Amino acid sequence: MAVVTVIGLGSLLSERSARATFPTLRNFRLGRVHGYRRCFAHPAGIFFTRGIADLETKQIASLSAEPCEGASFVCTVFEVEDEGMDRFREREEEFELVHAPVHSLSEGNPSSDAQLTGLLCCRSTDDAYIARWGEERFEQLYRRVGVPTIWGYAPDSGLRPCAVYLRHCVLAAQKMGDLCLDSFLDDTYLIDRTTTLREYLAANPHVMATLPPPDLQERYGG
């Protein structure tokens, strides 16, 4: 059976979260992606389904990667059997899954080791989502909750990270060590592509105090 390498940039920084989709994943470790930027630039329908989105304050955004010359970020990397890819595509429904180059990092060493190619969750379009999943699904998960677009938000839209999701990602990055955490804070941007996550968290201390609902504490516990 074919083996697929997966790149984790947000919730997949958490091995526990990754194993919820891929129970038999192998070799969970750190890597670095070059030529892509990590950005909170789109709302995720699942945040509304789970009741953790705050539309009034625009705290509804999830993470994606987008091509950006000279950019890079630390990620997680792991291998899975391709029989789990249908679950992965369902989990990451709104993204374009791109085969991107990634360097696996030696433990405790920030220098690059072997170069691989892995699946990375990248920015897509509303049209691509509708073509894959249908107009009815787009209507149900987004328009009916007051979200007219997934990928059509401008840099000055004021879109902000979903607090419960962001806290989860920060906790997951912490568990992976300082190299991962520092990259998550300094190589991740808000939708303006200027404000770093470190700057945003310093100005918004409420985020790390925003606990998930009791039934989601394990899923969003880092």
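Partly exposed refers to a relative accessible area between the buried limit of under 20% and the exposed limit of over 50%. The views below are taken from a predicted model.

**View 1. Lys58, a loop residue with positive phi.** Because its relative accessibility is 38%, Lys58 counts as partly exposed. The residue belongs to the loop that runs between helix H2 (45-49) and strand S3 (59-81). Its phi is near 65°, a positive value in a residue other than glycine. Most residues other than glycine have a negative phi.

**View 2. Arg193, in the loop between strand S7 and helix H8.** What is the phi of Arg193 near? The value is near 65°, and this too is a positive phi in a residue other than glycine. The flanking elements are strand S7 (188-189) and helix H8 (197-203).

**View 3. Phe40 and Tyr165, an edge-to-face pair.** The structure holds 8 aromatic pairs. In the pair shown here, the ring centres of Phe40 and Tyr165 are 6.2 Å apart and the planes stand at 80°, so the arrangement is edge-to-face. Phe40 lies in strand S2 (residues 26-43) and Tyr165 in helix H6, so this pair ties together parts that are 125 residues apart in sequence. Both Phe40 and Tyr165 are buried.

**View 4. Phe47 and Tyr165, a tilted pair.** The ring of Tyr165 also pairs with that of Phe47, with centres 5.1 Å apart and planes at 45°, so the pair is tilted. Phe47 lies in helix H2 and Tyr165 in helix H6, so the parts tied together are 118 residues apart in sequence. Are the two residues buried or exposed? Phe47 is buried, with a relative accessible area of 2%. Tyr165, at 6% relative accessibility, counts as buried because the limit is under 20%.

**View 5. His168 and its contacts in helix H6.** His168 is placed in helix H6 (residues 163-175). The residue is buried, with a relative accessible area of 1%. Leaving aside residues up to four places away in sequence, His168 touches Ser11, Ser14 and Ser17, together with Arg219, Tyr220, Gly221 and Gly222.

**View 6. Trp133 with Arg132 and Arg137.** The charged end of Arg132 sits over the ring of Trp133, 5.3 Å from the ring centre. Arg137 lies over the face of Trp133, at 4.0 Å from the ring centre.

**View 7. The aromatic cluster of Phe22, Phe28 and Phe78.** These three residues, Phe22, Phe28 and Phe78, form one aromatic cluster.

**View 8. The largest pocket and its lining.** The volume of the largest pocket is about 560 Å³. Its lining comprises 29 residues, and those nearest the centre are Ser11, Ile46, Arg50, Arg91 and Glu92. Elements that give two or more residues to this lining are helix H1 (15-21), H2, S3, helix H3 (85-91), helix H5 (135-141) and H6. Which element gives the largest share of the lining? That share, 4 residues, comes from H2.

**View 9. Residues 108-112, where pLDDT stays under 50.** For residues 108-112 the model has 8 contacts beyond four places in sequence. Over the protein, pLDDT averages 92, and 95% of the residues score at least 70.

Note on methods. Residues are numbered from 1 along each chain as its sequence is written. This is a predicted model: local features need pLDDT of at least 70, side-chain atom pairs count only at pLDDT 80 or more; totals for chains, interfaces and linings use all residues. Side-chain values use heavy atoms; hydrogens and water are left out. Buried means under 20% relative accessible area, exposed over 50%, partly exposed in between (1.4 Å probe, protein chains only). Contact means heavy atoms within 4.5 Å. Rings of Phe, Tyr and Trp (its six-membered ring) pair if their centres lie within 6.5 Å; planes under 30 degrees apart count as stacked, over 60 as edge-to-face and the rest as tilted. A charge sits over a ring if NZ of Lys or CZ of Arg is within 6 Å of the ring centre and within 35 degrees of the ring normal. pLDDT is the predictor's confidence in each residue, from 0 to 100. On a 1 Å grid over the protein atoms alone, a cavity is a set of points where a 1.4 Å probe fits but cannot get out, and a pocket is an open set with protein on both sides within 12 Å along at least five of seven lines; lining residues have an atom within 4 Å of a point. Grid points are joined across faces, edges and corners, and a volume is the space filled by probe spheres set on the points.
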